[in-house]
Amino acid sequence: MSTQRITDDLVRLLELLPDGVQRQLASDESREALLEVVLDLGRVPEARYPGRAVSLGDHPMTRDDLDGVVARLGRFGADNRAGIERTLHRISAIRNRQGVVVGLTCRVGRAVFGTVAMVRDLLDDGQSLLLMGRPGVGKTTALREIARVLADDLQRRVVVIDTSNEIAGDGDVPHPAIGRARRMQVARPEQQHQVMIEAVENHMPEVIVIDEIGTELEAQAARTIAERGVMLVATAHGNALANLIKNPTLSDLVGGIQSVTLGDDEARRRRTQKTVLERAAEPTFPVAVEMHSRHSWAVHPDVALTVDQLLRGQTPLVQQRQLQDDGSVQLIEPRQPLQPKRPRTAPMTSTRPGLAVVPMPSPVASREEDGASASDADASASPTASPLQVLCCGITPQLVEQVVRRHGWPARLVQDLAQADVVLSVRQGLGREPSLRRQARELKVPILVIKADTFAQVERALDRLLTRRQDGTPVAPSAAPGALDDALAALEECRLAVEQVVIPQGRPVELLPRSKRVRQMQEDLIRRYHLRSDEFGAEEACRLRVFPP
């Protein structure tokens with residue numbers, strides 16, 4: 001039995017309709033799953049349901065019928081929308097060139113309690129969340145439920161920006177469906193971005209909820225709010241993240257797109273043309289959800305990574321979530337690239353009740369785009385009942401502990417390299433700890449290098465480590481891919497130093513310590529720029545310093 005509970009106050013909407021239409025909708029069967037009633041002048045009224053439409057009687061709508069509904073309803077706003085006080089129903093008008101109403105769309109508003117289970121775990125992180133989907137898929141319903149959970153269950157200060165009174169209903173008193181969240185109404189739709197900023201400046205919210213971000217000004221206001229440390233939960237029209245990237249008005253929500261001209265060496269290294277598209281900035285919304293239907297959602301836990309993959313022509317890894325009949329949520333986890341395409345021997349289980357995780361094969365993508373370096377393929381351990389012991393280098397230990405607690409994974413932190421099964425590090429961390437790299441090589445402890453010290457990157461890395469450990473993939477801590485990855489990272493560091501600091505600013509730059517072979521590669525690259533470099537330091541700490549012309 002489903003745990004969802006639905007309230008709609010449908011009687012109050014039907015009371016506004018002509019008598020003939022009310023008689024056609026008198027039975028419970030005709031009201032079940034009703035989406036909207038369409039009243040057009042000179043046409044037979046129509047009731048719309050998911051996937052079908054039903055004519056209501058044989059008599060077309062007359063001018064008197066429409067005028068009677070408008071009179072009972074009251075005044076329309078500047079956006080040609082009206083509502084019924086303390087309900088979620090919405091009535092939208094179609095006017096002729098003289099401004100006279102010639103059609104009405106009576107949309108049924110329902111408060112559905114229980115849909116938030118699909119993304120309940122994402123609300124704990126405090127990251128901004130963007131909901132996408134076609135009209136009618138339930139974005140506003142989910143937004144309303146999320147606002148209530150954040151305000152009531154998580155005790156956050158929530159302000160709802162309600163442009164058309166669609167989230168919290170018509171009237172001055174908000175609908176109970178948003179719980180303790182406060183509601184700010186917007187006088188005119190074009191003023192929504194101003195009210196968004198006003199909410200932050202005047203009311204000290206921790207969370208702002210917005211429906212239908214649709215203009216460039218609203219996208220800019222959303223970025224301004226996010227940069228002030230306020231969590232955003234918003235909706236945008238678009239079936240998928242790929243559609244949003246192509247939308248010049250809203251692309252800033254996911255980081256924006258810019259055209260970049262690469263140098264000859266970089267274009268050859270990437271094996272691409274010289275002019276490429278890249279993400280311009282960090283996304284306003286780090287997490288995005290594509291709502292395919294009311295019971296099937298796709299989650300992008302790392303929007304920046306997804307956008308980068310799409311711009312490089314790769315298929316991103318997406319987590320599918322399905323709401324079951326009993327109210328539980330089934331997670332279909334994408335497999336990481338370069339892993340055996342067979343089910344795990346035991347499904348992962350979240351610490352949250354009713355959340356089951358099922359593995360799913362995923363398309364092969366570049367290892368670097370997965371957020372981890374090529375040395376990921378080497379970072380695994382033999383299957384054993386004991387927990388995976390992880391030594392952190394340049395990574396916040398609390399992030400690892402948070403990931404382990406959330407998923408209930410068999411892993412723990414250690415401080416001694418001799419006890420570690422794997423070293424988890426960022427690139428800069430290894431550069432600052434050359435002795436750790438040497439000792440790990442001597443003890444044959446694999447090193448897993450990830451791009452950044454973030455929750456999403458650590459989560460992905462641990463998932464890969466545990467999966468390979470469970471599958472019994474052998475460890476090869478000294479394999480060539482790791483060395484190749486280190487060399488590429490060193491050349492990229494050198495190129496950026498030369499092109500962004502040494503040449504334009506005329507300042508010398510000291511690079512990270514590298515092996516003799518890698519330093520020689522860096523020297524060759526520096527000579528191509530007609531610059532001079534010298535070595536400093538001894539043995540493991542030996543590094544290059546690049547001088548301006």
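**A walk through strands, a sheet and some empty space**

Let's start with strand β18, residues 319-323, where the side chains take turns: Gln 319, Arg 321 and Leu 323 point to one face and are buried, while Gln 320 and Gln 322 point to the other and are not. "Buried" here means under 20% relative accessible area, with a 1.4 Å probe and protein chains only. Strands are DSSP runs of E with at least two residues, helices are runs of H or I with at least four, and both are numbered from the N terminus.

A quick word on the model: it is predicted, so local features need pLDDT of at least 70 and side-chain atom pairs count only at pLDDT 80 or more, while totals for chains, interfaces and linings use all residues. Residues are numbered from 1 along each chain as its sequence is written, and side-chain values use heavy atoms, leaving out hydrogens and water.

Who is β18's partner? Strand β17 (residues 296-300) pairs with β18 in the antiparallel sense over 4 bridges; two strands pair if DSSP finds at least two bridges between them. Val 299, for example, has Gln 319 in β18 as its bridge partner.

Now look further along, at an open sheet of 4 strands in the order β22-β21-β23-β24, with parallel pairing. β22 (411-413) and β24 (447-450) stand at the edges with a single partner strand each, so one side of each has no neighbour in the sheet. On average, neighbouring strands here are turned by 30° against each other, direction ignored. Strand β23 (residues 422-426) runs parallel to β24 and is joined to β24 by 4 bridges, with Val 423 standing opposite Ile 447 in β24. Helix α12 (residues 397-407) packs on this sheet, touching β21 (388-393), β22 and β23, and its direction makes about 160° with that of β22. Contact means heavy atoms within 4.5 Å; axes are lines fitted to C-alpha atoms, for helices over the stretch in contact, and angles run from 0 to 180 degrees between N-to-C directions.

What about empty space? Rolling a probe the size of a water molecule over the atoms shows where it is left. On a 1 Å grid over the protein atoms alone, a cavity is a set of points where a 1.4 Å probe fits but cannot get out; lining residues have an atom within 4 Å of a point. The whole structure has 3 cavities of 30 Å³ or more. The largest cavity has a volume of about 50 Å³, where volume is the space filled by probe spheres set on the points, and grid points are joined across faces, edges and corners. Its lining includes His 89, Arg 90 and Asp 170.

Key. Buried means under 20% relative accessible area, exposed over 50%, partly exposed in between (1.4 Å probe, protein chains only). On a 1 Å grid over the protein atoms alone, a cavity is a set of points where a 1.4 Å probe fits but cannot get out, and a pocket is an open set with protein on both sides within 12 Å along at least five of seven lines; lining residues have an atom within 4 Å of a point.
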